[in-house]
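Got the viewer open? Let's take a short tour, one selection at a time.

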Amino acid sequence: HFQSLVARRVEDFCFEAETCLVGFQPQNFHHLAGLILYYNTALHYYLHLSADDSHGPYLGVLQTDCGVSSMVQTPLVRVQRRDLSRVYLRASVRDTRLQFSYSLDHKHWMSIGPELDATKLSDDYGGLHFTGAFVGLCAQDLQGLGLTADFEFLSYRPLPLPKAPE
């Protein structure tokens with residue numbers, strides 16, 4: 001199995017992280033690549049491009065909470081193979097809320113999945129932890145066939161804190 005993860009520390013309560021997956025052609029569910037918000041192997045959210053045997057490529061959000069993994073939205077967002085040359089992925093965190101989105105042209109963004117609880121990626125959730133949260137690029141070839149994933153960039157932009165109610 002081949003897996004890669006490159007990430008940077010989250011330094012803000014409100015931020016946007018974005019990447020562009022270039023030409024990734026998953027053949028089945030063993031091939032995944034995308035944008036991950038990561039605390040550790042037991043706590044993370046993963047917006048990824050993969051494929052299934054019956055419908056081909058899709059975008060999905062995987063959640064791992066206290067070691068239990070599940071998809072957080074249905075139906076999956078189907079993507080035509082002709083549209084895989086560039087797939088833009090974004091995570092927007094605003095205090096306690098995380099929303100993933102995607103774009104095929106870097107202009108028109110569509111939310112994917114529900115709003116998620118960003119507090120799960122903290123040192124205070126699920127017992128004693130100490131690493132802090134990360135945002136990064138992640139790729140898996142769980143069949144070991146040598147499928148690679150290329151990313152054009154990873155951007156991280158702090159956002160202003162929400163105004164407190166008066």
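**Stop one: a strand pair**

Start by selecting Leu-21 and look across to β12, where its bridge partner is Phe-151. Keep in mind that this is a predicted model. Now widen the selection to the whole of strand β2, residues 14-22: β2 and β12 run antiparallel, joined by seven bridges.

**Stop two: the sheet around it**

Next, bring in the rest of the sheet. Five strands make up an open sheet in the order β10-β9-β8-β2-β12, and the pairing is antiparallel. Colour β10 (110-117) and β12 (150-158), which stand at the edges: each has a single partner strand, so one side of each is left without a neighbour in the sheet. Look along the sheet for its twist: on average, neighbouring strands are turned by 15° against each other, direction ignored.

**Stop three: the largest pocket**

Where should you centre the view for the largest pocket? Pick Val-10, Asp-12, Phe-13, Leu-121 and Ala-133, the closest to its centre of the 17 residues that line it. The space in this pocket comes to about 390 Å³. Its lining is made of eight nonpolar, four polar and five charged residues.

**Stop four: the second largest pocket**

Now move to Gln-3, His-44, Tyr-46, Cys-138 and Gln-140, which are the closest to the centre of the second largest pocket among its 13 lining residues. About 220 Å³ of space lies in there. To see where the lining comes from, show β1 (2-9), β3 (31-40), β4 (43-52) and β11 (134-141); each supplies at least two residues of it. How many charged residues are in the lining of this second largest pocket? There are none: the lining divides into eight nonpolar and five polar residues.

Methods: Residues numbered from 1 in each chain as written. Predicted model: local features only at pLDDT ≥ 70, side-chain atom pairs only at ≥ 80, totals over all residues. Heavy atoms only, no water. Pairing = 2+ DSSP bridges. Helix = DSSP H or I, 4+ residues; strand = E, 2+ residues; numbered from the N terminus. Axes fitted to C-alpha atoms, helices over the stretch in contact; angles between N-to-C directions. 1 Å grid on protein atoms, 1.4 Å probe; cavity = no way out; pocket = protein on both sides within 12 Å on 5 of 7 lines; lining within 4 Å. Points joined across faces, edges and corners; volume = space filled by probe spheres on them. Nonpolar A, V, L, I, M, F, W, Y, C, P; charged D, E, K, R; others polar.
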